[in-house]
Amino acid sequence: MLHLISERLNPLRQWLDNLEIHNPEVALFLYRVIPAQCPFARDIKLFGYTILHIPPLCKLNPFYEQLMGLRFRAMCYLVDECGMTI
């Protein structure tokens, strides 16, 4: 079952992997929208004591690696092509 789902997601993964960035506005948008680290990790505290730790779940996202690569390419474009300091 998971193998079938994974196969159906491959075209979208390949599209994300092959997406080239040639526009500074798009690059800046992608850089800002895609978080650098997983935003879902949380510590639940009660009276100053951590009672529950929720680990980052980004690795469960089937497009995690592609999104991180896209953010990195956007950042490199901004730095290398546009001369921005990030």
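## Exercises on a predicted model

The largest pocket is lined by 13 residues, among which Pro35, Pro39, Cys58, Asn61 and Leu67 lie nearest its centre. This is a predicted model, where local features need pLDDT of at least 70, side-chain atom pairs count only at pLDDT 80 or more, and totals for chains, interfaces and linings use all residues. Residues are numbered from 1 along each chain as its sequence is written, and side-chain values use heavy atoms, without hydrogens and water.

**Exercise 1.** Describe the lining of the largest pocket by class.

*Solution.* Start with the term: on a 1 Å grid over the protein atoms alone, a pocket is an open set of points where a 1.4 Å probe fits, with protein on both sides within 12 Å along at least five of seven lines, and lining residues have an atom within 4 Å of a point. Next, sort by class: 11 are nonpolar (Ala, Val, Leu, Ile, Met, Phe, Trp, Tyr, Cys, Pro), none is charged (Asp, Glu, Lys, Arg) and two are polar (the others, Gly among them).

**Exercise 2.** Work out how strands S1 and S2 pair.

*Solution.* First find the strands, DSSP runs of E with at least two residues, numbered from the N terminus: S1 covers residues 42-46 and S2 residues 49-54. Strands pair if DSSP finds at least two bridges between them; here five bridges join S1 and S2 in the antiparallel sense. Now match partners: Asp43 bridges to His53 in S2, and Arg42 stands opposite Ile54. Finally, look at the turn of this hairpin, where two residues separate the strands and Phe47 has a positive phi of about 55°.

Definitions and conventions: Helix = DSSP H or I, 4+ residues; strand = E, 2+ residues; numbered from the N terminus.
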